[in-house]
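Good morning, and thank you for coming. I would ask you to keep the structure in view while I go through a few residues, the division of the chain and some helix contacts.

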Amino acid sequence: MLKENRTFRTLFVSYGLSTLGDWFDFIAVSILLGFVWKVDPMTMALLPVAYAAPSILLGQFAGVLADRVNKVRMIMTMNIIQATLTLLLLAMPTPFWFLVVIALRSGASVFNDPAQQTLTRQIVPENQLLQASALNGAVYQMGKLIGPLAGGLVAAVFAPAICLMINASTFLLSTGFLFTIRKVENTLFRPSAEEQPLPYLQAWQEGWRIFLQNRVLLFSTIFATVTSLAIQLADTQFPVIFREKLPDNPEMLGFTVSVIGLGALVTVTLLQRLKEIRSYGWVLGGGVLLIGICFSWIGFFQPGDGMYWLLIPALLAGVGTGLTSVGANYLVQKESPPQAHGRVRGIIDSLTSATFIIAPLLGGVIMTIWGPNTAFLWVGLLIAAIGGAAVLLQRWIWGNRTKDVAVDIATARSERVG
């Protein structure tokens with residue numbers, strides 16, 4: 001049973017602490033920039049760039065490194081760096097230097113995800129990977145649900161700086177938990193002479209070769225990147241559409257986001273009862289379809305319909321978010337070789353992170369040209385069409401697994417030698 005896996009339990013608690021702290025931090029950063037410094041819209045637009053750009057630049061390097069070093073110590077080191085930089089934010093004199101430190105801290109966090117996911121792949125049996133992915137998804141959604149509410153309360157009663165201190169503390173607590181399993185990797189693998197690490201450039205090339213030759217990983221990443229771009233076109237404009245639809249009920253934005261989080265949390269909790277996902281098309285395509293329906297519903301909605309009708313599409317979007325988040329994470333865990341998981345994860349992270357920079361800018365242009373109602377309607381229909389097509393064409397998109405991913409590295413290396 002997964003609950004009897006002490007190493008995973010420790011890693012899970014560590015991940016939960018840092019996730020909760022991140023959402024406290026998110027509220028503090030937003031308040032400091034928006035309400036304390038009162039920055040202009042262009043400066044505010046640089047915030048997602050500061051969070052996403054390091055992943056684009058460093059994601060693949062972090063993935064290669066995660067396959068070559070002690071992953072527990074790698075996470076501990078990055079936690080300490082992030083805690084230090086979080087406290088350094090308190091001393092920044094201007095928004096510019098504040099964003100610079102945010103970017104530096106995001107650069108450190110880039111190294112955590114491939115290390116954490118790679119270690120999970122190594123310590124969790126294959127028949128428990130879905131349960132592990134669902135548990136990680138559940139703690140992320142709980143952090144997303146609880147963190148902003150608690151963080152907003154702490155920031156309002158005390159100060160945003162307290163939220164930053166709490167986040168720094170969670171990084172240090174997370175490191176303390178990981179210290180108890182720092183030597184676990186010594187017992188996982190004992191590589192032979194033939195399996196010694198390749199030079200960095202060759203290891204990076206091998207990761208790309210594995211990624212490009214694995215149909216499931218390649219097509220899933222293309223699908224995830226396209227849908228992520230489409231979803232974020234509307235997702236980043238939620239405050240705009242709610243301001244237009246319900247100008248006298250700003251609280252509905254918070255209610256809707258909370259219902260989305262609740263739907264996602266319930267979904268990932270139910271998914272952990274399954275042994276495996278047999279059809280990526282139904283889970284990923286179906287989840288995207290539900291999200292598209294939500295956006296179109298909001299585009300159709302009129303104030304006279306009754307504002308609480310918006311909670312139904314929010315619940316659908318939550319279910320879709322839960323399906324896609326757990327499904328995508330499980331797919332990468334399942335389909336990538338354990339010894340190359342970090343490289344594959346780094347490649348995927350660097351590709352999908354680009355959408356976090358492109359989508360907000362493109363979404364703003366579309367909203368300006370079409371208007372919020374039309375934009376949400378058509379973007380929602382586009383997303384729903386992508387999801388529906390994925391369900392209908394799932395055999396063609398994902399095909400059938402023709403070989404075990406465990407042989408992928410051997411195949412790639414033999415081709416390189418040949």
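I shall begin with I166, a residue of helix α7. The model before you is a predicted one, and every value I quote is computed from it. With a relative accessible area of 28%, I166 is partly exposed, because that value falls between the 20% limit for buried and the 50% limit for exposed. Its C-alpha atom is separated by 6.5 Å from that of G21, although the two positions lie 145 residues apart in the count along the chain. Setting aside residues up to four places away in sequence, I166 touches F24 and V154.

Let us stay in helix α7, where C163 is also found. Is C163 buried or exposed? The relative accessibility of C163 is 0%, so this residue counts as buried. Beyond residues up to four places away in sequence, C163 touches F24, A28, G151, V154 and A155. F24 and V154 thus appear among the contacts of C163, and they are likewise the contacts given for I166. I would set against this a pair that is separated in space: C163 and L11 are 152 residues apart in sequence, and their C-alpha atoms are 23 Å apart.

A further residue of this helix is S174, and here I can give the bounds of α7, which are residues 160–179. S174 has a relative accessibility of 1% and therefore counts as buried. The residues that S174 touches, not counting those up to four places away in sequence, are S14, L17 and N79.

Before leaving this part of the chain, I draw your attention to K38. K38 sits in the loop between α1 (6–36) and α2 (41–66). What is notable about its backbone is a positive phi of about 55°, although K38 is not a glycine. K38 counts as exposed, because its relative accessibility is 65%.

I turn now to the chain as a whole. The division is into domain 1, covering 1–184, and domain 2, covering 201–417. How far apart do the C-alpha centres of domain 1 and domain 2 lie? The separation of these centres is 21 Å. In the contact between the domains, 33 residues of domain 1 meet 38 residues of domain 2.

The rest of my remarks concern helix pairs. Two packed helices are described by the angle between their axes and the distance between the axes.

The first pair I shall take is α9 (residues 215–235) and α12 (residues 280–300), whose axes come within 11 Å and cross at roughly 10°. That angle makes α9 roughly parallel to α12, since angles under 35 degrees are classed in this way. On the α9 side, the contact is formed by V216, F223, T227, I231, A234 and D235, and on the α12 side by Y280, L284, G285, V288, I291 and F295. By class, these residues comprise nine nonpolar, two polar and one charged.

Next come α10 (residues 238–245) and α11 (residues 251–271), with axes that approach within 10 Å and cross at roughly 130°. This crossing angle makes α10 oblique to α11. The crossing of α10 past α11 is right-handed. From α10 the contact includes F238, P239 and F242, and from α11 it includes M252, L253, T256 and I260. The classes here are six nonpolar, one polar and no charged residues.

One member of that contact, M252 of helix α11, deserves a closer look. At 0% relative accessibility, M252 counts as buried. Leaving out neighbours within four places in sequence, M252 is in contact with F242, L246, M307, Y308, L310 and L311. For one of these partners, Y308, the separation is 56 residues in sequence and 8.2 Å in space, C-alpha to C-alpha.

The final pair is α15 (residues 355–370) with α16 (residues 372–392), which pack at an angle of about 120° with their axes 7 Å apart. The angle makes α15 oblique to α16. Their crossing is right-handed. The contact brings I366, M367 and W370 of α15 against P372, T374, A375, F376 and W378 of α16. Seven of the residues in this contact are nonpolar, one is polar and none is charged.

That concludes my presentation, and I would be glad to take questions.

Conventions. Residues numbered from 1 in each chain as written. Predicted model: local features only at pLDDT ≥ 70, side-chain atom pairs only at ≥ 80, totals over all residues. Heavy atoms only, no water. Axes fitted to C-alpha atoms, helices over the stretch in contact; angles between N-to-C directions. Helix = DSSP H or I, 4+ residues; strand = E, 2+ residues; numbered from the N terminus. Parallel < 35°, antiparallel > 145°, perpendicular 65-115°, else oblique. Left-handed = near helix turned anticlockwise from the far one by under 90°. Contact = heavy atoms within 4.5 Å. Nonpolar A, V, L, I, M, F, W, Y, C, P; charged D, E, K, R; others polar. Buried < 20%, exposed > 50% of the residue type's maximum accessible area, 1.4 Å probe, protein only. Domains from an automatic or database assignment.
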